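Visitor: Could you take a close look at one part of this structure with me, and then show me how its surroundings fit in? I work at the bench, so please walk me through the reasoning as you go.

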Amino acid sequence: MDQKRQVLEWIEEHKADLQKLLSDLIQIPSYSGEEWNVQQFVKTYAEREGFAVEARAFDEQKKRPCVLMTYKGTGGGKTLMMDAHSDTVKVQPYEKWERDPFSGEFDGTWIHGRGAGDDKWGIAAGLTVLRALKACGVTLSGDVELLSSVGEETGKDDRYRHGAGAMVRSMEKKPDFCIVCEGSNMEICPETPCSIKLKIKVRGKANHCCLRYASVFPQPHTVWGRGNKGSADALQKAMLVVDAMYRLERDLSINHDRGGLKGSGGTDTLNRMGVGAFTICPVSIEGGTDNSIIGEVNVTYVVQFPSVYTNEEVLETIRETVKGVAMTDLWMRDNPPEIEVLNQSRGFASDASHPAVGIMQEACADALGKRGNVSCWIAGCDGDVISPYTPCVVFGPQPPNTHAANERITLKEVVDCAKVFALCAMDYCK
């Protein structure tokens, strides 16, 4: 029998083992910063299966180890690493869950619980790949690795200092290519968006709410303390800015013409996920006190955009847009909104023509019956901190309710991913 067929059949025949492994992982709570127990489980499991295992912790208390598991090659070949994070977001509010969020229950189709889709499925799939290669006696020149990381959910700094970034940085021999296990709608994503979080402060002039008439119907200048001297509704002014930002979001996406994967979509091989080139998402609005005309409104945005644009280009466009809005309003001309940049992050952009991307496309064709599409992923991930050392792609299913109540994933999707990973390893590391 062809060895690739043998590996695919082994994974299919052992899908019950994969399901149990994922359920066991879900049953171990592992919020970011509290990954010790689940990582010890992963380490013990891999050691019991006979793989080379190395655990390294980079936090001061040494309670958050990253675990690297390896199926060793004979030497001289390329190394493929799969990366999946062991930490999860919180489950609250509990009352919105229809099942125990740590049950790992399998209903015959879906595996339920926190971490099922983000991101413990990747650990289960990766370990299944290592087991399949070993069980089928596959001989490769290069190593196949699985990294179970920590701190992904708490942001790029934690990933860099304690998680995947720290682990890869410490490795004497870096992997030649990395598959980051995240939900990508089964598309191959060698690019993620850049991100800027900013706050726009719109100032008005507070006054007692009984004096609102003076701002709605400005009084003659002969009436002392009225007109703009009396009050200015910051919410009304902020609405002008918010409307302009919505229009800017649309205009930037429509007029994006620099290429790249993000926003280029609709073809047979590019960006079928429908990822927009630019998104300017309002995430919070704050302002006002009881019984007063609102004197200040703060609108916080998360801006995502393709890596072919610099952060400063995007920020300058936003600044000019807000400045233009201010010039249309008499109050805001003298009291212009202020923009505060809260944080910035560059995504990663690996070469979409990298040989491993083509290998993954063919692996999708062999395992799933359809050549893999190349796209751009929608958020930040471990790839942000791994990509400085090795090219990366994001690949995985698109499970519902990630970061929400009733998180779940189908067993079939996890099995399919394991098959794709295994075929990719067999061709890339041969």
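Guide: Happy to. Let's begin with a yardstick: the expected span of a helix is 1.5 Å times one less than its number of residues. Please keep in mind that this is a predicted model.

The part I would pick is helix H8, which covers residues 234–254. H8 has 21 residues, so by the yardstick it should span 30 Å, and its end C-alpha atoms are 31 Å apart, which agrees.

Now, which residues of H8 are buried? They are Ala 234, Lys 237, Ala 238, Val 241, Val 242, Ala 244, Met 245 and Leu 248. Buried here means under 20% relative accessible area. If you look down the axis of H8, these buried residues fall within an arc of 165 degrees, so they line one face of the helix. The spacing along the sequence makes sense in general terms: an α-helix has 3.6 residues a turn, so residues three or four places apart point the same way.

What do the buried residues of H8 pack against? Their partners are three strands, E7 (194–203), E9 (279–287) and E11 (296–305), together with helix H9 (311–326) and helix H10 (330–334). On the other side of H8, Met 239, Arg 250 and Ile 254 are exposed.

H8 also holds a charged pair. The side chains of Asp 243 and Arg 247 meet in a salt bridge, with 3.1 Å from N to O. Both residues sit in H8, 4 residues apart, which is about one turn of the helix. Are they buried, exposed or partly exposed? Asp 243 has a relative accessible area of 40%, so it is partly exposed. Arg 247 is at 46% relative accessibility and therefore counts as partly exposed too.

Let's step back along the chain from H8. The loop between helix H7 (213–216) and H8 contains Phe 217. With a relative accessible area of 58%, Phe 217 is exposed, because the cut-off for exposed is over 50%. Phe 217 joins Tyr 213 and Val 216 in a nonpolar patch on the surface, and together the three have about 300 Å² of accessible area.

On the other end of H7 comes Cys 209, in the loop between strand E8 (207–208) and H7. Cys 209 is partly exposed, at a relative accessible area of 37%. Setting aside residues up to four places away in sequence, Cys 209 touches Asn 291, Ser 292 and Ile 293. If you are wondering about Cys 181, that residue is 28 residues from Cys 209 in sequence and 53 Å from it in space, C-alpha to C-alpha.

A little earlier still is the loop between strand E6 (177–181) and E7, where you will find Asn 185. Although Asn 185 is not a glycine, its phi is positive, about 60 degrees. Asn 185 counts as partly exposed, at 38% relative accessibility.

For contrast with the pair inside H8, consider the charged pairs around Arg 131. In general, side chains of opposite charge can pair when their charged atoms come close. Arg 131 forms a salt bridge with Asp 17, at 3.7 Å from N to O. That pair links distant parts of the chain, with Asp 17 in helix H2 (residues 15–26) and Arg 131 in helix H4 (residues 116–135), 114 residues apart. Arg 131 also meets Glu 49 in a salt bridge, at 3.3 Å. Glu 49 lies in the loop between helix H3 (36–48) and strand E1 (52–57), while Arg 131 is in H4, so this pair ties together parts that are 82 residues apart in sequence. Arg 131 is buried, with a relative accessible area of 15%, whereas Asp 17 is partly exposed at 33% and Glu 49 is partly exposed at 22%. Across the model, the count comes to 25 salt bridges.

To return to H8, then: its buried residues line one face, its Asp 243 and Arg 247 pair about one turn apart, and Phe 217, in the loop between H7 and H8, belongs to a nonpolar surface patch.

Methods
Residues are numbered from 1 along each chain as its sequence is written. This is a predicted model: local features need pLDDT of at least 70, side-chain atom pairs count only at pLDDT 80 or more; totals for chains, interfaces and linings use all residues. Side-chain values use heavy atoms; hydrogens and water are left out. Patches are made of residues with over 30% relative accessible area and no salt bridge: like charges are joined within 9 Å, nonpolar side chains (Val, Leu, Ile, Met, Phe, Trp, Tyr) within 5 Å. Accessible areas come from the Shrake-Rupley method with a 1.4 Å probe; for residues, only the protein chains shown count as cover. A salt bridge is a side-chain nitrogen of Lys or Arg within 4 Å of a carboxyl oxygen of Asp or Glu. Helices (H or I, at least four residues) and strands (E, at least two) are DSSP runs, numbered from the N terminus. Buried means under 20% relative accessible area, exposed over 50%, partly exposed in between (1.4 Å probe, protein chains only). The arc is that of the directions from the helix axis to the C-beta atoms. Contact means heavy atoms within 4.5 Å.
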